[in-house]
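Please examine the sequence and the model shown below. The paragraphs that follow lead through the structure one topic at a time.

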Amino acid sequence: MAWVVLVVSGVLESVWALALGRSQGFTRLVPSVVFVVALVLSMAGLAYSLKSIPIGTGYAVWVGIGAVGTAVAGMVLLGESAGVLRILSLLLVVAGVVGLKLFH
């Protein structure tokens, strides 16, 4: 269960990062509220997961999921560049996350 919560928390990290960008310095209400709610849920899930997953593994997986999710959302939803080297780099992060899970 801790791994499922950790993955969901990593996805929520992407949500709060995207909401933070949309909040325009906390001047827009809805994205600011989404940011706060997603941030609290993401951190709570990470904290729960770290009860049974080592901190080095859990934090790296959480950050990796959040970073890849945010980068992919930026490419798909916001028109950020999706060059081959950028995608390959993201795949390396995914491989690292999978490796951390497999060799936990």
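Q24 lies in the loop that joins α1 and α2. In this predicted model, the phi angle of Q24 is near 50°, a positive value in a residue that is not glycine. Most residues other than glycine have a negative phi. With a relative accessible area of 52%, Q24 counts as exposed, because the term applies over 50%. F26 also belongs to the loop between α1 and α2. The phi angle of F26 is positive too, near 65°, and F26 is likewise a residue other than glycine.

The two helices on either side of this loop carry a feature of the surface. A nonpolar patch of about 750 Å² is formed there by V7, V11, V15, L29, V30, V33, V34, V37 and L41. Helices α1, residues 2–22, and α2, residues 29–49, are the elements that give two or more residues to the patch. Helix α2 supplies the largest share, 6 residues. One member of the patch is V37, which is located in helix α2. The relative accessibility of V37 is 46%. V37 is therefore classed as partly exposed, since this class lies between the limits of 20% and 50%.

The interior can be considered next. The largest nonpolar core has 13 residues, and those that touch the most other members are W3, L6, W16, I53, V61 and W62. Two or more residues of this core come from each of α1, α2 and α3, the last of which spans residues 55–77. Helix α1 makes the greatest contribution to the core, with 5 residues.

A database record adds a further view of the chain. The unreviewed UniProt entry annotates residues 33–50, 59–78 and 84–103 as "transmembrane region". How much of the span 33–50 is helix, and how far apart are its end C-alpha atoms? In the model, residues 33–50 are 94% helix and 0% strand, with the end C-alpha atoms 26 Å apart. For residues 84–103, the content is 95% helix and 0% strand, and the end C-alpha atoms are 28 Å apart.

The confidence of the prediction remains to be described. Across the chain the mean pLDDT is 96, and 100% of the residues reach 70 or more. Among the elements, α2 has the highest mean pLDDT, 98, whereas helix α4, residues 84–102, has the lowest, 94.

Methods. Residues are numbered from 1 along each chain as its sequence is written. This is a predicted model: local features need pLDDT of at least 70, side-chain atom pairs count only at pLDDT 80 or more; totals for chains, interfaces and linings use all residues. Side-chain values use heavy atoms; hydrogens and water are left out. Patches are made of residues with over 30% relative accessible area and no salt bridge: like charges are joined within 9 Å, nonpolar side chains (Val, Leu, Ile, Met, Phe, Trp, Tyr) within 5 Å. Accessible areas come from the Shrake-Rupley method with a 1.4 Å probe; for residues, only the protein chains shown count as cover. A salt bridge is a side-chain nitrogen of Lys or Arg within 4 Å of a carboxyl oxygen of Asp or Glu. Helices (H or I, at least four residues) and strands (E, at least two) are DSSP runs, numbered from the N terminus. Buried means under 20% relative accessible area, exposed over 50%, partly exposed in between (1.4 Å probe, protein chains only). pLDDT is the predictor's confidence in each residue, from 0 to 100. UniProt positions are given in the numbering used here, feature names are shortened, and annotations may be inferred rather than shown by experiment. A nonpolar core is a set of buried Ala, Val, Leu, Ile, Met, Phe, Trp, Tyr and Cys residues joined through side-chain atoms within 4.5 Å.
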